[in-house]
Amino acid sequence: MYQDVIKGMRAKMDKTAEHFKGEIASLRTGRASPSLVDGIKVEYFGQMLAINALGTISIPSPQTIVIQPWDKNALEPIQKAILQSQLGIAPIADKDAIRLTLPSLTEERRNSLIKLLDQKTEEARIALRQEREDALRKIQKMKEEETIREDDFFRAKSEIQKSMDEYSAQKIKALRDKKEQEILHPHTNRG
């Protein structure tokens, strides 16, 4: 019975880790990646659409992103959306594509990206702690209602903490450390 609580908590922790991974993917590292423009929404014929729903995104060089819309009428709305985004890169449009050239990161920009990365990491850890506390409340209630035995209660508490340590120390920290290396050394990391 308590296994269902732990299973539910781990599923929520998986979602938190995936959300964190998506959040930090959009941090610009000085190396081109389709994930840099994934979160940008374009107003196109009265609808808000993701850029990848309007065309293909390619990376011809480590510092260049090329967006090739399927419909030429989408060029201007895509360009406008990129300019209004927090990406901080001016798009260059030619007759059938938009090019984004990523400038090299300054030391100041790298430091501000690391601070933002740390902020997003802390947000993910807070979410994990909330999921752990929720699971602990549920098993405490089961113990009070005597729907689980005392030894199962302590076993569940131990498993919950073990899951917390695994997600916080291994998954979130590993993603954070990898992203920090991409920010500090954008041309030596690939993948």
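This passage describes the cores, strands, helices and aromatic pairs of the structure shown above, which is a predicted model.

Two nonpolar cores are considered here. The largest nonpolar core has 26 residues, and within this core the residues with the most contacts are Tyr2 and Ile139. Two or more residues of this core are contributed by each of the helices α1 (2-25), α4 (107-144) and α5 (150-184). Apart from this core lies another, which is made up of 20 residues and includes Ile40, Val42, Ile89 and Ile98. As a general background to such groupings, nonpolar side chains in soluble globular proteins tend to be buried together. The surroundings of Ile139 illustrate the larger grouping in detail: when neighbours within four places in sequence are left aside, Ile139 is in contact with Tyr2, Val5, Ile148, Phe153, Ala156, Lys157 and Ile160.

One of these contacts of Ile139, Phe153, also takes part in an aromatic pair, and the structure holds two such pairs. In the pair formed by Tyr44 and Phe45, the ring centres are 4.7 Å apart and the planes stand at 70°, so the arrangement is edge-to-face, the term used for planes over 60 degrees apart. The rings of Phe153 and Phe154 have their centres 5.2 Å apart and their planes at 75°, so this pair, too, is edge-to-face. The description in these terms follows a general convention, in which a pair of aromatic rings is described by the distance of the centres and the angle of the planes.

The members of each pair can also be described by their accessibility. Tyr44 has a relative accessibility of 12% and therefore counts as buried, since this value is under 20%, whereas Phe45, at 69%, counts as exposed because this value is over 50%. In the other pair, Phe153 counts as buried because its relative accessibility is 4%, while Phe154, at 46%, counts as partly exposed. Phe153 has a further partner in Lys143, which lies over the face of the Phe153 ring at 4.7 Å from the ring centre.

Tyr44 and Phe45 lead to the region of the first two strands. Tyr44 is placed in strand β1, and Phe45 is placed in the loop between β1 and β2. Strand β1, which covers residues 41-44, has a covered face formed by Val42 and Tyr44 and an uncovered face formed by Lys41 and Glu43. Strands β1 and β2 (residues 47-50) pair in the antiparallel sense over four bridges, and Lys41 has Ala50 of β2 as its bridge partner. Together β1 and β2 form a hairpin with two residues between them, and Phe45, in the turn, has a positive phi of about 50°. Such a positive value occurs here in a residue other than glycine. Glu146, which is also not a glycine, has a positive phi of about 60°; Glu146 is found in the loop between α4 and α5 and counts as exposed because its relative accessibility is 70%.

The contacts of Tyr44 extend beyond the hairpin turn. Not counting residues up to four places away in sequence, Tyr44 touches Leu49, Leu54, Asp71, Asn73, Ala74 and Pro77. By contrast, Tyr44 and Asp151 are separated by 107 residues in sequence and by 59 Å in space, taken from C-alpha to C-alpha.

A further sheet is open and consists of four strands, which follow the order β3-β4-β6-β5 with antiparallel pairing. The edge strands of this sheet are β3 (55-61) and β5 (92-93), each of which pairs on one side only. Strand β4 (residues 64-69) and strand β6 (residues 98-101) run antiparallel and are joined by four bridges, and Ile65 stands opposite Leu100 in β6.

Helix α3, which comprises residues 75-84, lies across β4, β5 and β6 and runs at about 20° to β6. The buried residues in α3 are Leu75, Pro77, Ile78, Ala81 and Ile82, and the buried residues of this helix pack against β1, β4 and β6. Pro77, one of these buried residues, is also among the residues touched by Tyr44, whose place is in β1.

Terms used. Residues are numbered from 1 along each chain as its sequence is written. This is a predicted model: local features need pLDDT of at least 70, side-chain atom pairs count only at pLDDT 80 or more; totals for chains, interfaces and linings use all residues. Side-chain values use heavy atoms; hydrogens and water are left out. A nonpolar core is a set of buried Ala, Val, Leu, Ile, Met, Phe, Trp, Tyr and Cys residues joined through side-chain atoms within 4.5 Å. Buried means under 20% relative accessible area, exposed over 50%, partly exposed in between (1.4 Å probe, protein chains only). Contact means heavy atoms within 4.5 Å. Two strands pair if DSSP finds at least two bridges between them. Rings of Phe, Tyr and Trp (its six-membered ring) pair if their centres lie within 6.5 Å; planes under 30 degrees apart count as stacked, over 60 as edge-to-face and the rest as tilted. A charge sits over a ring if NZ of Lys or CZ of Arg is within 6 Å of the ring centre and within 35 degrees of the ring normal. Axes are lines fitted to C-alpha atoms, for helices over the stretch in contact, and angles run from 0 to 180 degrees between N-to-C directions.
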